[in-house]
Amino acid sequence: MHTEQIYKQDTKAPLVSFIVTAYNLPTDMLRECIDSILNLSLSSDDRQIILVDDGSDVCPLNDLTDCRDSLIYVRQRNAGLSAARNTGLQVATGTFVQFVDGDDSLIRSPYEHCLDIARYENPDIVLFSISEDGNSEAEPNFRKAVTGSQYMRDNNLRASACGYIFRRSILGSLRFTPRLLHEDEEFTPLLMLRAERVIETSSTGYYYRHRTESITHTSDKHQQEKRLCDIEKIILHLRNVADTVPDCDKPALNRRVAQLTMDYLYDTAKITRSRKQLDDAIQQLSEAGLFPLPDKKYTHKYRLFSQMIRIPMLRSLLIMSIPR
């Protein structure tokens, strides 16, 4: 892949490498994102901001002249979010890594709490909450460290790769799958299995900006079909991985597979509004040994949905009951 890089070399490894990905973003959004990182209580030696431009029509660096000396700028041909994040990981030298989408931003005070956990609690992963309105009201506290496997056995995982700081050394060869939608659903559980110390905090450290033109909110039929197809691929991949991991990790990954399968069926009903397409999806999952859903008490929604979807005569009612 062709890339262009503009950066200065640091002699000391920074505490955190912030990998910011951008493609044709309004300058004010991207500036707000970068400013939210620059405003943290990190010295220039403790932070590394890697801006990966995924082939924007206009180079955003031209409008960021006042902060370009604080950035490592990498421009590549348009290849999608997964490839842009992978490019950032090639450049990153920080002890920890934080992904930030260029149209989002960090919320300073609660994110500082997350940084303190990274500094003083020796975590592999620090999980925090994401806000969709930019507000953060929770009193900061955190749970004791557990393994990533134990966390996934006991909790419904929030897969967004922007919702945690992780120690770069646990990454190994793990990378995002290029051109895959919902790539976080594949990446995050596999990363969690590599973590010995996962700490979850109540802090809401990240502002996620809803954009109607984003891929996840599009009404384009082809994109919707690709979303469903890619989720199915991720489910099958994680199920295959579950067959190869140590016995102590199987319940964790099997729970994630079951919950993703539930989400896939729910999304199929919501997006297609078609009883036939829902039945076809169930048939494919049955042939792969993924349906009926395991009879587990993971969450109230999971218990209710898994029981309802088993009964063919209730599936049309399920489709009608899901809000548009």
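**Figure 1. The buried residues of helix H8 in the predicted model.** Leu278, Ala281, Ile282 and Leu285 are the buried residues of H8, in a model that is predicted. Seen down the axis of H8, these buried residues fall within an arc of 100 degrees, so they line one face of the helix. A general property of helices fits this picture: an α-helix has 3.6 residues a turn, so residues three or four places apart point the same way. On the face of H8 turned away from the buried side are the exposed residues Lys276 and Glu287, whereas the buried residues of H8 pack against H7, H9 and helix H10, the last of these comprising residues 312-321.

**Figure 2. The length and the two ends of helix H8.** With 13 residues at 1.5 Å a residue, H8 should span 18 Å, and its end C-alpha atoms are indeed 18 Å apart, which agrees. The N-terminal end of H8 is capped by Ser274, a side-chain oxygen of which lies 3.4 Å from the backbone nitrogen of Lys276. Just after H8, Gly289 takes a positive phi of about 80 degrees. Further on, Pro292 is found in the loop between helix H8 (275-287) and helix H9 (300-309), and the peptide bond that joins Phe291 and Pro292 is cis, with an omega of about 5 degrees.

**Figure 3. Two arginines with positive phi.** Most residues other than glycine have a negative phi, and most peptide bonds are trans. Arg273, although it is not a glycine, has a positive phi of about 55 degrees, and this residue is found in the loop between H7 and H8. With a relative accessible area of 21%, Arg273 is partly exposed, because the cut-off for a buried residue is under 20%. Arg179, likewise not a glycine, has a positive phi of about 60 degrees; Arg179 is found in the loop between strand S8 (164-167) and helix H5 (183-192).

**Figure 4. The largest nonpolar core and the surroundings of Ile125.** The largest nonpolar core has 98 residues, and those with the most contacts inside it are Phe99, Ile125 and Leu265. Helix H7, which comprises residues 250-272, gives the most to this core, with ten residues. In soluble globular proteins, nonpolar side chains tend to be buried together. When its neighbours within four places in sequence are left aside, Ile125 is in contact with several residues, among them Tyr164, Ile165, Phe166 and Ile170, and also Leu191, Met192 and Ala195. The contacts of Ile125 further include Arg197, Val198 and Ile199.

**Figure 5. Polar contacts of Glu185 and Asn156.** Glu185 is found in helix H5, and a polar contact of 2.6 Å joins its side chain to that of Arg256. Leaving aside neighbours within four places in sequence, Glu185 is in contact with Ala159, Ile234, Leu238, Arg256 and Leu260. Asn156 is found in the loop between helix H4 (148-154) and S8, and at 40% relative accessibility it counts as partly exposed. The side chains of Asn156 and Gln259 are joined by a polar contact of 3.1 Å. Not counting residues up to four places away in sequence, Asn156 touches Arg255, Arg256, Gln259 and Thr299, so that Arg256 appears among the contacts of both Asn156 and Glu185.

How values were computed:
Residues are numbered from 1 along each chain as its sequence is written. This is a predicted model: local features need pLDDT of at least 70, side-chain atom pairs count only at pLDDT 80 or more; totals for chains, interfaces and linings use all residues. Side-chain values use heavy atoms; hydrogens and water are left out. A nonpolar core is a set of buried Ala, Val, Leu, Ile, Met, Phe, Trp, Tyr and Cys residues joined through side-chain atoms within 4.5 Å. Buried means under 20% relative accessible area, exposed over 50%, partly exposed in between (1.4 Å probe, protein chains only). Helices (H or I, at least four residues) and strands (E, at least two) are DSSP runs, numbered from the N terminus. Contact means heavy atoms within 4.5 Å. The expected span of a helix is 1.5 Å times one less than its number of residues. The arc is that of the directions from the helix axis to the C-beta atoms. A polar contact is a pair of N or O atoms within 3.5 Å; within protein, one must be able to donate a hydrogen and the other to accept it, and residues adjacent in sequence count only if both atoms are side-chain atoms.
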